[in-house]
Amino acid sequence: MVANAAAAGQPHWSSKAAFVLAAVGSAVGLGNLWRFPSEAGVNGGGAFVLIYILCVALIGAPLLLAETLIGRHGQRSTVASATLMARQSNASPAWAGLAVIGMIANYVILTFYSVVAGWVLYYIGTSGADVVRTIMAGQPFAGAYSHLSVEEVRGQMPALFASPLQMTLTHFVFAAATTFVVARGVKGGIEVAATWLMPTFFVLLVAITIYAGISGDFTAAVAFLFTPDFERALQPQVLNSALGQAFFSLSLGGGAMVAYGAYASRDTNLGQTSGIISAADTGVAIIAGLAIFPIVFSVGLTPDAGPTLMFQTLPAAFHSMPAGALVGLAFFVLVLFAALTSSVSLLEISTAYFVERFKISRAVVASLLGASLFLIGMVSVLSFNVWADHRPLAFLPGFENANWFDAFDGVTGKILLPLSGLITAVFVGWIADRKLVDGETGLAGGPLLPVWRFLIAWLCPIAVFLILLFGLFPQLIS
Ligand code: PHE
């Protein structure tokens, strides 16, 4: 294997565990807690979950290994690592174009991710105030917002969306927090955040799931999540959503895992860590479903609310649950922690690139990128109110009703991430030097190497291509 010297000043994680924790921190985020339950809810529950798990196991996990190995081999930013691997494989450095598409896609994701995380902050604010109120009233175990009617609780979300000012404020605070962590560096910022926030996150998640199991309708949730309707599972739209969700949730396609892999030490077994990260991320998504749906079903609400599930349905459910105020607050804190450890990975990709390219200090680069992400995110903020009837991509099939926010989410999640993942699979499976790649996998000599080779060279490109094609043009098969 050709080993590269790390670029001068290249930071590293302090241990293998730190790498895994940071990568799980990147993977586990709004994708698991907000997007997964909402996608599962609108795509028929069990059908979606089944396809999703297949997408993770057969496409996501192999690609995760491909991405981390590009980074670890290069020990540089995503673009430079891809260029280096192309050069050492006697391939055109134009292949690094994949890293550029990915970097842009992830930066765009960050702009709306911060807006959604801002909603989470808003709910932390209102539920925090609510907890103070219930404690002062001597009823700490009251339901959430017990002084309001259910309609008023549900009304909080439309009220928030109607207020550009509120959304701007919370979006600003979240973007600033992300910038702060990234500016402090890989070890001193990202790793520290992951080491503190992720364990707290897991404890809270388990506690809330147990609570949901005891006081919610667990049986209905299990039936909903695990009874697949096979006719439904094979619809192109379900396939496309599940694949897009797998990419989004595992932080794939954009280079976040290339960037984090670049800080991993040579003795990290990437085959093994890819398995751990994929399993942890999927486990969290399913546990999140088992925390959210029992609560939703127990009060007779429906699972198919879509993106408003977490911000409208769930608070309404907490309204009539015992200790709903406290649990509601804990829930939104948990979501915030998960979101922050993901958003820092989104910002790290472009920060590392500009630091390396222009030799400017990390703090300056992170601040500039943070400021511009705040500004671009304003487009998403305004798409809920002032620009609510803008349909920027109405000419594209499937985007007829998409506002700016939906357009950013849809184009990145359903098109750019899978597309860049497709190119990554072709690059690693066919173009890059085989010895070099195999030596980085940690699977050499074992039975999993040929399996991974088959998945990355054949199944990933073909499946991603077909799903992209039929997802975008469903009329081709109907
Ligand atoms: N995986 C993150 C989540 O589930 C989002 C993300 C996407 C992070 C792409 C980095 C890169 O919330």
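Biologist: How far apart along helix H5 are Arg133 and Asp130?
Modeller: Arg133 and Asp130 are 3 residues apart in that helix (a DSSP run of H or I, at least four residues, numbered from the N terminus), so about one helical turn separates them. The model is predicted: local features need pLDDT of at least 70, side-chain atom pairs need 80 or more, and totals for chains, interfaces and linings use all residues. Residues are numbered from 1 along each chain as its sequence is written, and side-chain values use heavy atoms, without hydrogens or water.

Biologist: What joins the side chains of Arg133 and Asp130?
Modeller: Side chains of opposite charge can pair when their charged atoms come close. Here Arg133 and Asp130 form a salt bridge (a Lys or Arg side-chain nitrogen within 4 Å of an Asp or Glu carboxyl oxygen), at 2.7 Å from N to O. The whole structure has 6 salt bridges.

Biologist: Which residues come nearest to the ligand?
Modeller: Ala27, Leu30, Gly31, Tyr113 and Phe248, out of 15 around the ligand (a heavy atom within 4 Å), come nearest.

Biologist: Which polar atoms lie by the ligand's oxygen and nitrogen atoms?
Modeller: Look for polar contacts, pairs of N or O atoms within 3.5 Å. A polar side-chain atom of Tyr113 is 2.5 Å from a ligand oxygen, and one of Asn32 is 3.4 Å from a ligand oxygen. A polar backbone atom of Ser249 lies 3.1 Å from a ligand nitrogen.

Biologist: Which elements give two or more residues to the shell around the ligand?
Modeller: Helices H1 (16-27), H2 (30-42), H5 (97-136), H11 (236-249) and H15 (324-358) do.

Key
A polar contact is a pair of N or O atoms within 3.5 Å; within protein, one must be able to donate a hydrogen and the other to accept it, and residues adjacent in sequence count only if both atoms are side-chain atoms.
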